[in-house]
Each structure stands twice: as C-alpha cells, then as structure tokens.
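New to this one? Have a look around first, then read on for a short guided tour.

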Amino acid sequence: MNDSRVQASPEKLLKLLEELAAYTAPGPGVTRLLYTEEWGRAQIFLQQKMAEFGLKVTTDKVGNVYGRLCGRSPEQKVILTGSHIDTVVNGGKYDGAYGIAAAMLALQDLQMNYGQPKRTLEVVSFCEEEGSRFPLAYWGSGHVTERYDGSEAETCMDADGVTLQAAMAESSFLQGVTDETGARNDIGAFVELHIEQGIILEKTDMLIGVVLGIVGQRRYMIKVSGVANHAGTTPMLMRHDALTSAVEMLYVLEGAAIAAGDPLVATSGKLEVYPNTPNVIPGEVLFNLDIRHSEEDELECFCEWLFSQYHEIVAKRGVTLEVTPVLHTLPTPMDTKLSTALENICLEQGKTYRRMVSGAGHDAQLFAPRCPTAMIFVPSRAGISHSPEEYTSPEQLAAGLEVLTAMLYELAY
C-alpha cells in the first residue's frame, strides 16, 4: 500500500464520535446501556451512516449492526473489523465507539481510493461488550462466535429485575429483525482498533500498541451470610458479622495480589450490605471479585488459594460463604502473523509502537480461537477510561485509523 495514501484527517472521525456521544442517558459522560432507547437510537444512527458510506447494512437478532463492502471473490471469508456500541454508566466517548467509527471511515477511504476489494470487508457495531446492564459480557460477539445460544436471556436479569429476554422483546430497535441465529462461520479475520484504557503507551511515549494477547479473567459474586442483630446488645465475641468477614476477605485479596506481583491484578468494585442500617450488625454482604492474569495456570492457582483462605475466614467467624462464578475467560493470544504485519505497518508509516498485553477484555478475545485476530491500541490520556475524563488526542486517533486502514488493505486488496 502506498504510504502517502494513508493520511487520515481526524475531522470526520471526531465528528462521528461526537455524534455518537450524543446518544446517551442523562448525566455525566456517556451512558448507553444494552437495549435502552439511547442504545437503539445510536444503532439506528450507525445504520444510516453505513448506508451513506455505500455499505450494505444488516442487523442480526441480538442487535449487532453490520456494514458490508462486498468483494470480488465472495467465496473467500470476510475480513471483519469494529467494536462495541454499549458503554459503562457515565463512561467516555471513545471506548468501543472509536473502533466502530474508525472502521467505517477506513472502509470508506479504501473504497474511494482503491475501489472494490478482493475480499469482502465488513464493519460491525457489536450490541454489547461491557456487561454493564446485565451480569454477562460479550453478548454481541458471543452470539457471532457461538459462545451464547440465546438461552441465557431467559434468566439473566438487570438490577431492576428485567430479564435480558424481556429487554430484547421491549426494544423497538429489534422489531422486524429476521436473522434467527446471529452466529457466523464466514469470518476469515478480525481486527479491532481500541483505546488502550491504560497508561503504558503514554508513559513510554508510544503512538501505537500492537496487542500480543489479552489476559484471562475470572469474575465471581461472593455472598457472605451471617446473623443480623442489635448493635448495642450483642457482645463482640458472640457476633456473626457478615461485613467484617467480607472486609477481612478483601484485605486478604489485596495483600495476596500485591505479593503475587505483575501481571496479576485483583479488584472488588461492588459491595452491597444488608440490612444496611447504622445500628444493626450486617447479616449479609454481596461483593464481586475481578481477577486477571496473562497465564491461565497462575490465575487458577491464585483463585484456588484465595478461596481456601476465604473458607478459613468463614469457619473462624461463624458465617457462610457462597461463590457464584460470573465470567471465566482464558488468556488469549493474538495471531502472530497479523501482529507482525501491524509492526511492519508502523515501521513503514514511521509510527512508534510497543508490543503489549491487554489487561482489559475485548471482543477480539472471542474471535482469536476461531480466526486470525489482531488488536491495535492508541494511548489513553493518564490511563483514564470508563469515565467522562476519557480522552485520546485527535492526532492519536488519526494514527490508529491509518494503521487500521493499512491493515485492512493488506488483508482484503
């Protein structure tokens, strides 16, 4: 590909991102949860834009939106690129949306400059990745890759008790969608462009991250049950306090994770206390665990040891423990050939780059076991993401678009 032709202007990209950011629930930043009205309007906007760009638009049964640039050799498998449209509550305007907007502009640029590709190119706006509304992640890409068969929707509920199935039925966006499966077996490669959501690229003054792999994740909901009782009349040594038990567990979690060292990280970001009354000993506590590592054996060993410690704590304190696995993803390597191609593109374009492992999960990890998959990162200012303060400069956004465009050219032309 002629490097002089890969010159992305950030204006169109910034305009698309601003337009997408307008589809949000009230409040700081961007809140666009799965199957809400603002989510549906954002997908309709993308359908319209894809059609304006000359792409063939389709939508599957869960709400993934595709824009296809048909190739001259339809018998060859599709080159897919894109990301997710949903956000966390009060998130930023770049997470997910950047990969979709850049993919659309890359296909538009390739078609304008080089005409019809040999292999079909397709951009996707996955309906969901974050797990923000319902307690499961990758609902969109999980359908494409057959991780989910749809039965999960019957019992999975949001915080208001609405099942995923009911939310789908109530979504006006999904009315009239005829695709009954959503699964795809015609994808020959997947390339995802994403903000880093970390501080490594900024701290090392690198423009592009070539992702070599994605860490494995374990997520759990932990329920500690004790005895709710009067705060003034129950002696300290006769208590079965669920909250102090949970606090000890979290203290053990932090200490063990620090002792394990990089790249293991462990977090608890949600805590619910019942009855949550100032003068009542807590009788029940729910909290989450999010544990990540790039090596599956290390991740498994850490979790086994942690839960052995938790069982000792509950036995000592006279409470009970219930552990519910929520997510189990394996560490996922990206395709070596595609990663090397990305490095070569960076060299040809004169862009600094760094090989790195992603500490966050992405749709790409579901595709990697099924087809050659690559990920491209651009820096996040101060490493901030999932926040209204999320920011990547226009020049950095354009640089990622240029690398993506060159990668798609190599794969499809």
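Here is a quick walk through a few spots worth finding.

## Two nonpolar cores

Keep in mind that this is a predicted model. A good place to begin is the largest nonpolar core, which has 71 residues. Leu13, Tyr35, Tyr98, Trp139, Leu164, Leu404 and Leu408 are the members that touch the most others. Take Tyr98: beyond its close sequence neighbours (those within four places), its contacts include Leu13, Leu17, Ile195, Val378 and Leu401. Apart from that core lies another, made of 26 residues, with Val252, Leu289, Phe307 and Ile313 among them.

## Helix α7

Now find α7, which covers residues 242–260. At 1.5 Å a residue, its 19 residues should span 27 Å, and the end C-alpha atoms are indeed 27 Å apart. At the start of the helix, a side-chain oxygen of Asp241 comes to within 2.8 Å of the backbone nitrogen of Leu243. After α7 comes Gly261, with a positive phi near 80 degrees.

Which residues of α7 are buried? They are Ala242, Ser245, Ala246, Glu248, Met249, Val252, Leu253, Ala256 and Ala257. Looking down the axis, you'd see them fall within an arc of 165 degrees, so they line one face of the helix. Their cover includes β7, β9, β12, α8 and β13. Over on the other side, Tyr251, Ile258 and Ala259 are exposed.

## Two cis peptide bonds

Just past the helix, the peptide bond from Asp262 to Pro263 is cis, with omega near 10 degrees. Pro263 sits in the loop between α7 and β9.

There's another cis bond between Tyr274 and Pro275, where omega is about 5 degrees. Pro275 belongs to the loop between β10 and β11.

## Positive phi outside glycine

Tyr35 isn't a glycine, yet its phi is positive, near 65 degrees. You'll find Tyr35 in the loop between α1 and α2. Is Tyr35 buried or exposed? It counts as buried, because its relative accessibility is 6% and the cut-off for buried is under 20%.

His386 also has a positive phi, near 55 degrees. This residue is in the loop between β16 and α11, and at 38% relative accessibility it counts as partly exposed.

## A buried loop residue

Last stop: Val215, in the loop between β6 and β7. Val215 is buried, with a relative accessible area of just 4%. Leaving out neighbours within four places in sequence, Val215 is in contact with several residues, including Arg292, His293, Leu330, Pro331 and Val357. Thr340 is 125 residues from Val215 in sequence, and their C-alpha atoms are 20 Å apart.

Key
Residues are numbered from 1 along each chain as its sequence is written. This is a predicted model: local features need pLDDT of at least 70, side-chain atom pairs count only at pLDDT 80 or more; totals for chains, interfaces and linings use all residues. Side-chain values use heavy atoms; hydrogens and water are left out. Helices (H or I, at least four residues) and strands (E, at least two) are DSSP runs, numbered from the N terminus. Buried means under 20% relative accessible area, exposed over 50%, partly exposed in between (1.4 Å probe, protein chains only). Contact means heavy atoms within 4.5 Å. A nonpolar core is a set of buried Ala, Val, Leu, Ile, Met, Phe, Trp, Tyr and Cys residues joined through side-chain atoms within 4.5 Å. The expected span of a helix is 1.5 Å times one less than its number of residues. The arc is that of the directions from the helix axis to the C-beta atoms. A polar contact is a pair of N or O atoms within 3.5 Å; within protein, one must be able to donate a hydrogen and the other to accept it, and residues adjacent in sequence count only if both atoms are side-chain atoms.
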